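Hi,

Here is the structure I promised to pass on. Have a look at it first, and then read my notes below.

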Amino acid sequence: MIAMEMFINGKAVPARSGKRFGVNNPATGDLIDTVPAGDIDDVRGAVDASEEAFEKWSATTARERGKILFRSAQIVRDRTKDLAVLLTSEQGKPFREARDEVQGFANTLEYFAGISASLRTGLVPLAHERYGAVLRKPIGVCGAIIPWNVPVLLMSWKVGPALVAGNTLVLKPASTAPLTCLRLADIMKEAGLPAGVLNVVTGRGDIIGDEIARNPRIRKVSFTGKTSTGKHLMEAASASLKRVTLELGGSDPMIVCDDADLKAAVDGAVRGRFYNCGQTCTAVKRLFVFESIADEYIRHLHAKIASLKVGNGMADGVDMGPMNNRKQRDRIAEVAETVRANGEGKILCGGEAPKGPDFDKGYFYLPTLITDVAPDSILMREEIFGPILPVVVVKDLDEAIERANDTVYGLGSSIWTKSIEHATIGCERLKSGITWVNQHTKVPPDLPFGGIKDSGLGRENGLEVIDQYTELKSVLINP
Ligand SMILES: NC(=O)c1ccc[n+]([C@@H]2O[C@H](COP(=O)([O-])OP(=O)(O)OC[C@H]3O[C@@H](n4cnc5c(N)ncnc54)[C@H](OP(=O)(O)O)[C@@H]3O)[C@@H](O)[C@H]2O)c1
């Protein structure tokens, strides 16, 4: 235990109140470290530092800023193993997944460093042989609030575009997974990031996050988390007319057509649902399979799910770690109980926590497959953020798409087929921010990502995200 501090103005800083809170290992329940329990004044101190750093940082060229992102990515790559061990210990995911996530941080920073040299706008020809110019200006101090499910990757989705565009940032990590984010901020300093450009404040969401949303000196907030929190945040941010990006919950459908490669669709569903113990915004949360292949598909799916090895993310050969925290695990157990008690589906495997000394203290839950799902089941209505996969049999693509779209969410969706016609219909008619064909959950930084309806507002990643971190300014010069 090293008692990590907040990262403000390039320094490790305790909370002004001196209070701290613990971070536990989800696999063992053991306390692994403590971090400062910041409050509103700590956020204001971080905003002071961000404001002061902004003038100089925004006056550097995007290319210079990009170089620091490149260097940061390089150091992160060199220290992947240590960072991944830390991430597994606070988040719970298997080491292999943690390593991929750390690499994802480096990939994203490299992507934004790569586009830094091409961030420009143009001249606009006007009447009488005059020209107008469009300048792209950074917004100022930005805020970022991230959840615990993929904290490292999501940090890069906010830090990369905000900083390359010339803004400074106050970031609040989730209280159950703040440690790797703090370590990464320190690495960025080592890579040459000036003091105050990136500040990380730890503490309760309803205190730190709320102040980030309300503080009038923060001109934009990018939030990733629950839909209910996002709605509250948008309201809180409205008083200062802050720009808001919201990346919220999802209930992604996956459609398996009768002409799909069955093995690929089984592997895809298992990875799409049980990766990160089912705690991914774009996880497969409802699966629709054509009735002509349903029996065979479900049989293979069942066998594969039942063979998954659950355990401590640091143990060899583990496919699925614990859930991140007790509250999430208890919620998933409650969902399974509701399904059982109301006869909302048939639980083919899982539906309980694993038993034995290795599982006593951690927040484990078995991978669960449920068929014969009632149309109005909780599994169809709510976002289920854990390892439960409900499968619904449909007669054809029309029914699958109608059922898939019958949700308040619209984050991701996928269609599994060898037919270009099925694929095209799926891409056109599925209502979501992204549709995959024969894959699910891959989100490269090159493509804009975000949801529609209750899944959010605005986009992250891709060249398009730069619009969300800059103001356009028109200039007319009269010679
Ligand atoms: N669309 C996407 O890209 C995407 C990606 C990943 C996850 N998600 C969604 O995130 C959700 C899971 O994350 P979660 O349970 O951590 O969400 P959450 O409870 O909304 O928390 C997310 C972040 O917001 C903070 N927070 C909590 N209450 C707040 C408040 N009143 N004001 C401001 N900030 C507040 C939390 O701080 P504390 O930790 O201190 O409570 C945390 O840092 C799922 O719905 C998932 O689908 C979406």
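What follows is a short tour of the annotation, the salt bridges, the surface patches and one loop residue.

First, a caveat: this is a predicted model, so please read everything below in that light.

**The annotated domain**

UniProt, in an unreviewed entry, puts an "Aldehyde dehydrogenase" domain at residues 16-475. In the model that span is 41% helix and 20% strand, and the C-alpha atoms at its two ends are 44 Å apart.

**Salt bridges**

How many salt bridges are there? The count comes to 23. I picked out three pairs that you may want to pull up on screen.

Start with Asp-48 and Arg-217, whose closest N and O atoms sit 2.9 Å apart. This pair links distant parts of the chain: the two residues are 169 residues apart, with Asp-48 in helix H1 (residues 40-59) and Arg-217 in the loop between helix H7 (205-214) and strand S10 (220-224). Asp-48 is partly exposed at 40% relative accessible area, and Arg-217 is also in the partly exposed class, at 29%. There is a further partner here, as Glu-51 joins Asp-48 and Arg-217 in a network of salt bridges.

Next comes a pair within a helix. Asp-210 and Arg-214 form a salt bridge with an N to O distance of 2.7 Å. What separates these two along helix H7? They are four residues apart there, so about one helical turn lies between them. Is Asp-210 buried or exposed? With a relative accessible area of 17%, Asp-210 is buried, because the cut-off for that class is under 20%. Its partner Arg-214, at 41%, is partly exposed.

The third pair is Lys-304 with Asp-267, where the closest N and O atoms are 3.3 Å apart. Lys-304 belongs to helix H10 (residues 291-306) and Asp-267 to helix H9 (residues 262-274), so this salt bridge ties together parts that are 37 residues apart in sequence. Lys-304 has a relative accessible area of 33%, which makes it partly exposed, and Asp-267 is partly exposed too, at 27%.

**Surface patches**

Two patches are worth a look, one charged and one nonpolar.

- The positive patch is made up of Arg-96, Arg-99, Arg-271 and Lys-442. One of these, Arg-99, is in helix H4 (residues 95-115). Arg-99 is partly exposed, with 35% relative accessibility.
- The nonpolar patch covers about 270 Å² and consists of Val-124, Leu-126 and Leu-476. Leu-476 is part of strand S20 (residues 470-476). Why does Leu-476 count as exposed? Its relative accessibility is 66%, and the exposed class takes in residues over 50%.

**A loop residue near the start of my list of things to check**

Where is Pro-14? It sits in the loop between strand S2 (11-13) and strand S3 (20-24). Pro-14 is partly exposed, with a relative accessible area of 43%. The C-alpha atoms of Pro-14 and Val-35 are 8.1 Å apart, while the two residues are 21 residues apart along the chain.

That's the lot from me. Shout if anything looks odd when you open the file.

Cheers

Key. Residues numbered from 1 in each chain as written. Predicted model: local features only at pLDDT ≥ 70, side-chain atom pairs only at ≥ 80, totals over all residues. Heavy atoms only, no water. UniProt positions renumbered as here; feature names shortened; annotations may be inferred. Patch = residues over 30% accessible without salt bridge, like charges linked within 9 Å, V, L, I, M, F, W, Y side chains within 5 Å. Areas by Shrake-Rupley, 256 points an atom, 1.4 Å probe, with all protein chains shown as cover. Salt bridge = Lys/Arg side-chain N within 4 Å of Asp/Glu carboxyl O. Lys, Arg positive; Asp, Glu negative; His and termini not counted. Charge placed at Lys NZ, Arg CZ, Asp CG, Glu CD. Buried < 20%, exposed > 50% of the residue type's maximum accessible area, 1.4 Å probe, protein only.
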